[in-house]
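I opened my notebook to look through this structure piece by piece. Each entry below says what I looked up.

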Amino acid sequence: MSLIEVVGLSHSYGEREVLKSLNLGLSRGEVFALIGPTGAGKTTLLRIIDLLEIPSLGEMYFDGKCIPRSGKQRLEIRRRMAFVHQKPQVFNLSVYDNVAYGLRWRGERKNSIAERVDHILEMVGLEGYENRNARTLSGGEAQRVALARSLVLEPEVLLLDEPTANLDPVSTAKIEQLISYIAGQHKTTMIMATHDMSQGQQLAGRIGVLLDGKLVQTGSANDIFRLPKDEEVANFVGMENIIEGVIIANNEGVVTVNIVGNAIEAVSNYPVGKEVYACIRPEDITLALSRTRSSARNSFHAKVTQVASFGPLSRVEIDCRFRLVALVTKMSAEELNLQEGREVYATFKATGVHIIERKTS
Amino acid sequence: MTEIWHGLIKAVELIISLDPGIMEIAGRSLRISGTSCLLASLISLPLGSLIYFHQFRGKRAVINIIQTLFSVPTVVIGLFVFVLFSRAGPLGETGMLFTPAVMVVGQMILITPILLGLAISALSGVGKEVVDAATSLGASGFQLTLLILREARYAVLAAVIMGFGRAISEVGCAMMIGGNIRGFTRVMTTAIALETSKGELELSMALGIILLFLALIINIALNRLQQR
C-alpha cells in the first residue's frame with residue numbers, strides 16, 4: 001500500500017494553473033526524485049504534500065487515510081513529515097536552538113532533545129557550532145542546519161526542495177552524501193525535487209518528470225533517460241538526437257525508419273506509415289574511420305561538422321544527410337584526429353534507438 | 001545671555017547634587033510612562049500578532065487607521081480622556097481625573113497605536129520563509145506565534161522603546177488630565193512648562209537636560225537594536 005497517495009490533484013494560483021490533475025503514489029522507504037525545469041510546479045507539489053497548502057482540487061492520502069482540508073489532524077500528519085526548503089531559512093537563534101525547536105514543539109524531554117541534537121549535529125558535521133547564531137553561517141552550513149533540523153525529527157517522509165541549489169560543489173557533495181546515507185540507514189521515504197538530472201539519477205530509485213504542471217512520466221532512471229515517453233521529455237532529459245522519420249517496414253518488432261533517404265533500424269512496435277521520432281543518446285554512437293563489421297545494425301558515412309570538448313569528453317557533430325551528435329572521450333577524438341571535414345563512420349545498435357510517436361498537431 | 005549661562009550652570013548643579021525636588025519629578029515621570037508603556041505593550045503585542053496572523057475583511061483599513069493614529073495630537077487625547085473622566089462623563093464616578101492613574105490611561109491611549117503599528121511591521125519583517133519553515137517543522141499556531149515574536153524580538157523591543165519615548169516626552173495630555181499638581185501629578189514636561197512661565201529657568205533647564213539625556217539613551221538603545 002502506498003504511504004502517500006495523490007489523486008487527481010490540481011492547483012491554481014489565481015488564473016494560473018500550476019498543477020494539472022496529477023496522480024502519484026509512493027511506497028514506504030522509496031526515494032523519489034521529481035525532476036523538471038524551474039516553474040514546472042515541483043515546489044507547489046511538495047508544499048501540498050507537506051500540507052502547507054490546500055489543493056484547489058483532488059485528494060491526498062497518508063498511510064491510507066484521506067487528509068481533511070482543515071482541522072487538527074493536518075498538524076498531526078504534518079508532524080510525521082519534514083520539509084527542507086530550497087532557500088535555507090534558519091531561525092535567528094543559535095544552531096542548537098534551530099535544531100531543537102521541532103522536538104520542543106513535539107513536547108520531547110530536555111535530556112532526550114540534547115542527546116538527539118548532539119547526535120545529528122555530529123552527523124551533518126556541525127559539532128562545535130551549537131552556540132553560533134545560525135544566521136552567521138555560510139550557505140552550505142545553513143543548509144546543513146536546515147537538513148539537521150528535519151532529520152532530528154526522524155520523519156517518516158522527508159521532502160527536499162532543490163536541496164543543493166545555489167551551493168558550491170563541496171557542500172553539494174556533502175548534502176548528497178547525507179541524503180543517500182539517510183535513505184540507506186533509516187529507510188526514510190523521500191521526495192526530492194531537483195532540476196539536476198544527474199542528482200536525481202544518482203540518489204533516487206524512481207524518477208518523475210514534471211513538465212508544465214503535468215507529471216508526464218514516472219519510472220526508473222533508465223526508463224526516463226533512455227526511453228522518454230514523448231518529445232517533451234526527450235528534450236528535457238537531454239536526448240540530443242531527436243530525428244524525424246517515417247516507419248517504412250516492420251519485421252517482427254524491428255522497424256525500419258526512413259530518415260531523409262537513410263534507413264535506420266530500431267526496436268519498436270509502431271506500424272508502417274507511422275510518423276515518429278528516432279531518439280539516440282549521443283554516448284551510444286560509435287565513430288570509426290572505416291566501416292567495421294559488427295553486430296550494430298546502423299552504420300552511416302558522415303562528415304564531421306563541429307568538435308567541442310568539455311571535461312574529459314568531446315561532443316562531435318556529424319552530418320550523414322541528417323544531423324547527429326556523438327559523445328566520445330577526448331582521447332578517442334585525438335586518436336581519430338576528429339576535426340571539421342574529417343570523414344567518419346557513425347555506428348549505433350538498433351536497440352540504442354528509441355522510437356516515439358510524433359504527434360501531428 | 002549671562003542669565004541663560006548662569007541658569008545652565010545652576011541646572012547642572014541641581015542634577016549633580018541630586019536635588020530631591022528634581023529627582024522626585026523625574027522619578028514620577030519614569031514611573032507613569034513606564035507603567036503606561038508596559039500596559040500598552042501587554043495589549044499591543046498580542047493584539048498586533050492577532051491582526052498580523054489573521055486574514056480578515058478590512059485588515060488593510062485597520063492598519064491604515066492605526067498608522068493614522070500615530071500622529072494624533074496629545075491635546076486631543078487629553079480632551080478625550082478629560083471628557084471621559086470628568087464628573088459628568090461616563091467614567092466620572094471613578095474620581096480618577098487629576099490622578100497619576102488617569103495619566104497612565106492617557107499615555108496608553110497615546111502610544112498603543114504606535115506599539116501596535118510597529119509590532120505589526122516588526123512581524124511582517126520576519127518573512128514568509130520563516131513561517132513556512134516553522135510550520136513544516138510541526139509548529140502549532142500558538143507555537144508559531146511565539147517563534148515569530150522571538151524572531152522579531154529586536155524590532156519589537158525597538159517598538160516598545162519608541163512608545164516609551166513618546167510617552168515620557170508628551171506634555172499636552174499630562175497637563176490637561178493630570179493637572180500638574182505638585183508632588184502628585186507633576187511630571188518633567190509639565191514642570192518645565194510651569195517653571196518656564198514663572199521665570200524659574202534653572203529648574204526647567206535641569207529637567208530639560210534630563211529629558212534630553214533620556215532621549216539620548218533611547219536613541220543609543222534603538223541604534224544598537226537596529227544593528228542586530
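My entries follow, from single chains to single residues.

**Entry 1: what kind of model**
I noted at the start that this is a predicted model.

**Entry 2: chain B overall**
I looked up the elements of chain B. I found 11 helices and 0 strands. Reading from the N terminus, I wrote down α-α-α-α-α-α-α-α-α-α-α. I then took the box around the C-alpha atoms of chain B along the principal axes, and it is roughly 70 × 45 × 25 Å. Chain B has 228 residues, and 38% of them are buried. I also looked at contacts in chain B between residues at least 6 apart in sequence. Of these, 76% join residues at least 24 apart.

**Entry 3: the domains of chain A**
I looked up the domain assignment of chain A. It gives domain 1 (2-233) and domain 2 (239-357). Their centres, taken over C-alpha atoms, are separated by 39 Å. I found 6 residues of domain 1 in contact with 7 residues of domain 2. On the domain 1 side, I sorted the touching residues into 2 nonpolar, no polar and 4 charged.

**Entry 4: the contact of chains A and B**
How many residues does each chain give to the contact? I found 17 residues from chain A and 13 residues from chain B. On the chain A side, helix H2 (72-78), strand S6 (81-84) and H3 each give two or more residues. The largest share comes from H3(A), with 3 residues. I divided the chain A side into 7 nonpolar, 4 polar and 6 charged residues.

**Entry 5: the largest nonpolar core**
I looked for the largest nonpolar core and found one of 164 residues. Val99(A), Ala148(A), Ala278(A) and Ala119(B) have the most contacts inside it. Helix H5 (residues 100-124) of chain B gives the most to this core, 16 residues. Both domain 1 and domain 2 of chain A give residues to the core, so it lies between them. I then followed Ala119(B). Leaving out residues up to four places away in sequence, Ala119(B) touches Ser44(B), Leu45(B), Gly48(B), Val156(B) and Ala159(B).

**Entry 6: helix H4 of chain A**
I checked the span of helix H4 (residues 110-123) of chain A. At 1.5 Å a residue, its 14 residues should span 20 Å, and the end C-alpha atoms are 20 Å apart, which agrees. Which residues of H4(A) are buried? I listed Val117(A), Ile120(A) and Leu121(A). They cover an arc of only 100 degrees around the axis, so they sit on the same side of H4(A). I wrote down the general reason too: an α-helix has 3.6 residues a turn, so residues three or four places apart point the same way. The buried residues of H4(A) pack against helix H3 (95-105) and helix H5 (139-151) of chain A. On the other side of H4(A), I found Asn111(A), Ser112(A), Glu115(A) and Glu122(A) exposed. After H4(A) comes Gly125(A), with a positive phi near 75 degrees.

**Entry 7: positive phi outside glycine**
I looked at Glu154(A), which is not glycine but has a positive phi near 45 degrees. Glu154(A) is in the loop between H5 and strand S7 (157-161) of chain A. Is Glu154(A) exposed or partly exposed? Glu154(A) has 15 C-beta neighbours inside 10 Å, so I entered it as partly exposed.

I did the same for Arg321(A), another residue other than glycine, with a positive phi near 70 degrees. Arg321(A) is in the loop between strand S17 (313-319) and strand S18 (323-329) of chain A. Arg321(A) has 12 C-beta neighbours inside 10 Å, so I entered it as exposed.

Notes. Residues numbered from 1 in each chain as written. Chains lettered and ligands numbered in written order. Predicted model: local features only at pLDDT ≥ 70, side-chain atom pairs only at ≥ 80, totals over all residues. Helix = DSSP H or I, 4+ residues; strand = E, 2+ residues; numbered from the N terminus. Expected span 1.5 Å × (residues − 1). Buried ≥ 20, exposed ≤ 12 C-beta atoms within 10 Å, placed from the backbone. Arc of directions from axis to C-beta. Contact = placed C-beta atoms within 7 Å. Nonpolar A, V, L, I, M, F, W, Y, C, P; charged D, E, K, R; others polar. Domains from an automatic or database assignment. Core = buried A, V, L, I, M, F, W, Y, C linked by C-beta atoms within 7 Å.
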